[in-house]
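Q: Hi, I'm new to this one and would like a walk through it. Could you put it up so that we can start from the whole chain?

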Amino acid sequence: MFATASFAQPLAKVQANGPFANSSLRYQPNIKKPAGQPMNFIMPTVSNQTTLSARVCKAASESELITEQPAGTLHDNLYGTSEGYLVMFGYVFHITLDGTVERYVEGSNGEVYIQNAICTIPSGSWIKGYKAEGDTIKFDFPQKYYAQDAIDANGNPTGEKEYFYAYRAVMNQDGSSFVPDPTSQTISYVLRNDSLIRVDNHDNNVYLALCADDGGWSGYADYYQVWSKMNETASVPPASAEVSKYQVRFINNDGQDDARIINLAIDGKDLYLGNLSENAPDNWAKGKIDGDKAVFEGKIYMGVDPVEQIHSFFAPLGSKKIWNELYGVEVDSFYFEKSISFDYDAVAKTLKSDGMFDVNKGMNSVYPTISYGAPQMEPWVEVPGSPKDPVLLQFAPFDEAQGCGVLQFWFDKNSVDGNLLDAQKLYYNLYFDGDLFTAYPDEYTNISEEITDIPYYFSDNSFDFIANGNMHTLYFYMTGFTKLGIQTFYKDGDKVYKSNLVEYEIDDEGNFTPVETAIKGMTADNGNVTSVSFSDLSGRRVSNLASGVYLKTMKMADGTQKTVKVVKK
C-alpha cells in the first residue's frame, strides 16, 4: 500500500552528516524513495570507525573496480526483490526495492559476477565470486564497489579517486551502525530454480554494506536479495493494429490536472495503450473491448523501464484516506484493484473512467512512475501554437552553504488557444540579466553535452534539472544577476511558436517581481554566442573546472564579449 500527501517540495539540496557530507553518494538516484520514519542509526562522524585485520586491509587495497561486463554467459532481465538501508536528508531509511532489473555472468572457469550487488546504491560495477559446493556461490570481501573524485577537508578536489568497498558487515553492539564482520568476510548465494538467492542475510545478522577503506559505514547496506527469472512477456500490438494518437487528461501523482499524448491501438476486441510514461514510450498495456466498455484486468506486464532499470506494470488502483502518524496529516493510501473499466464510445472514439491506474514499478507494492486519476481519452489532432506563458513559482538565490541556487516554474503543455501541444516538441530557455543560459558539462556534471534549448521532459536523473508534471526545477551556480527571464516555445518543423519572454526582477533575498514588459515571441538581444572560455579569478585560463569560483567569458558573433562569475560545485 502506497500512501501520499501533498507537501511542499524542498528546494534546497539536502546536506549529509559526517565525512560523507560532500560525497556524491548523497545524490545517487534510488529506485524507490523511502516513505517511512528514519532509522535510529548514527552516521559515522570520524574516520577509522573500526579496526581491520591486515588481511582485510590488504584485500581491500588490492581489489579492482570491475566496470565492464565480464566475459561469460550473461543472465539478464531478472526480477529483483531486495531490502536494505540508504541515506536521505542526512538520515538512514529502510527501503524495499521490488522489480529491479538484475543481471549476473557465469564465467568459463567457475567464476560468477554480480552487477549492482548492493541494492540501495547501484553503482554499475560488478563483484566477483566463485562456484562452491552444489548450488552455492561464494563471494569474498572486501571488494571495490564505487568510485568518485576525492576531496580534501575543505571540499576541494585532490585530483585522485576515492573508493568505497562492499564489506560483509554486522550490527555494532549498541545497534547504532554497522561494522565489518571480524569473523568472516564471505557471503554465500545459491542458484536455485532459475533464481539467485542470498543465503547470508538478516536471518543470521549478515549485511552487505558500503564502507570507506577504513571500514567506516557510508549509510548504505542491504540484507535481503532474491533475483528470479522474469517469465512474463510484454504486450505488443500486432502490425495489423490501427495505431492512433490520443490525448488523455487526468490527475497526476501530485494531484495536478495534467494531460499527455499517448498511443492507442485496436486489433479486433484487443485495445492497447502505449506511451504512458516518458521513460518507456514503446511499452504497451493490453485490454479488452466488451460492447461499450474497455476493461484492463489485473497487473499487466509492460516491459522494462530503461531509465530506472525496473520492470513496469500497468496496474489498476484504488485509494482511501488514512491518518499518517509521522506527519500528523490525513493522506491518500493507494492499493491494487482487480481491474479498471472505461466507458468506450466507438463512434466518438473516446474512453472515460472515474477510476485510476498507474505505470507501476514492480508488481508487489504500489509505486507509480506516473499515475492517471479519472483519465479521459479522445483522439488528438496537432494544432501548433504558442505555449501559455510560464510562471515562476519559487526562487532562492545562490547560497554558499548549499552550494547552489534554485528556481522552479510552471510550464503548461497547452497552447494559448487551449490545444494540447506535443511535449516532445516543447522547450524552454532561461535568461539571466538578459543573457541566454547554456548549461555546460563542466558546471552541470550530470549532462554530457552543452544544452541551451531545454526539452520539456529533460532531467539529469533529477540532479540539477527536474521535470515533475508541469513543474520544472533548476539548480544553478551563478551569482550577481538581478533579472530572470523564462520563455517556452513549440518547434513544429521549421516553424517555432514562442510564448512571451516573461521576466522577473530579483532582489538579494530572492524575492521576485514580474516585469510588465513581456513582448510576444521576443527574445533577449544578446547576439549569438560563438565561444565560451573559463578563467580563475587571476585571469588564468582553465580547461578542467574543479570546485570553486570562475569567470566565464562569452564571445558574441558581433565581436562583443560578456564575462560573468560562476560557481562550480
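A: Here it is, and please keep in mind that this is a predicted model. Of the 569 residues in the chain, 49% are buried.

Q: What does the secondary structure come to?

A: The chain has one helix and 40 strands.

Q: And how much accessible surface does the chain have?

A: The accessible surface comes to about 26,500 Å², and carbon and sulfur atoms account for 47% of that area.

Q: What share of the contacts is between residues 24 or more positions apart?

A: Among contacts in the chain with a separation of 6 or more, 58% are between residues that lie 24 or more positions apart.

Q: Let's look at a sheet. In what order do the four strands of the open sheet come?

A: The order is S26-S27-S32-S31, and the pairing is antiparallel. Strand S26 (391-399) and strand S31 (465-468) each have a single partner strand, so they stand at the edges and one side of each is left without a neighbour in the sheet. From one strand to the next, the twist averages 10 degrees.

Q: How many bridges join S27 to S32?

A: Six bridges join strand S27, residues 404-410, to strand S32, residues 471-476, and the two run antiparallel. If you want a place to look, Phe 409 stands opposite His 472 in S32.

Q: Changing topic, how many salt bridges are there in the whole structure?

A: A search of the whole structure finds 17. One of them pairs Glu 106 with Lys 131, where the closest N and O atoms are 2.5 Å apart. This pair links distant parts of the chain, since Glu 106 is in strand S3 (residues 91-106) and Lys 131 is in strand S5 (residues 126-131), 25 residues apart.

Q: Are those two buried or exposed?

A: Glu 106 has a relative accessible area of 17%, so it counts as buried, being under 20%. Lys 131 is partly exposed, at 44% relative accessibility.

Q: Which residue does Glu 278 pair with?

A: Glu 278 forms a salt bridge with Arg 260, and their closest N and O atoms are 3.6 Å apart. Glu 278 lies in the loop between strand S16 (270-274) and strand S17 (284-290), while Arg 260 is in strand S15 (residues 257-267), so the pair ties together parts that are 18 residues apart in sequence. Arg 260 is buried, with a relative accessible area of 5%, whereas Glu 278 is partly exposed at 30%.

Q: And where does Asp 492 lie, and what about Lys 425?

A: Asp 492 is in strand S33 (residues 483-492) and Lys 425 is in the loop between S27 and strand S28 (426-432), so their pair ties together parts that are 67 residues apart in sequence. The closest N and O atoms of this salt bridge are 3.2 Å apart. Both count as partly exposed, with Asp 492 at 23% relative accessibility and Lys 425 at 22%.

Q: Which residues are linked in a network of salt bridges?

A: Arg 168, Asp 181 and Asp 200 are linked in such a network.

Q: One last spot: which residues does Ser 188 touch?

A: Leaving out residues up to four places away in sequence, Ser 188 touches Thr 136, Ile 137, Lys 138, Arg 198, Val 199 and Asp 200. Ser 188 lies in strand S10 (residues 186-192) and is buried, with a relative accessible area of 10%. The side chains of Ser 188 and Lys 138 are also joined by a polar contact of 3.2 Å.

Notes. Residues numbered from 1 in each chain as written. Predicted model: local features only at pLDDT ≥ 70, side-chain atom pairs only at ≥ 80, totals over all residues. Heavy atoms only, no water. Pairing = 2+ DSSP bridges. Axes fitted to C-alpha atoms, helices over the stretch in contact; angles between N-to-C directions. Salt bridge = Lys/Arg side-chain N within 4 Å of Asp/Glu carboxyl O. Buried < 20%, exposed > 50% of the residue type's maximum accessible area, 1.4 Å probe, protein only. Contact = heavy atoms within 4.5 Å. Areas by Shrake-Rupley, 256 points an atom, 1.4 Å probe, with all protein chains shown as cover. Polar contact = N/O pair within 3.5 Å; in protein donor to acceptor, adjacent residues only side chain to side chain.
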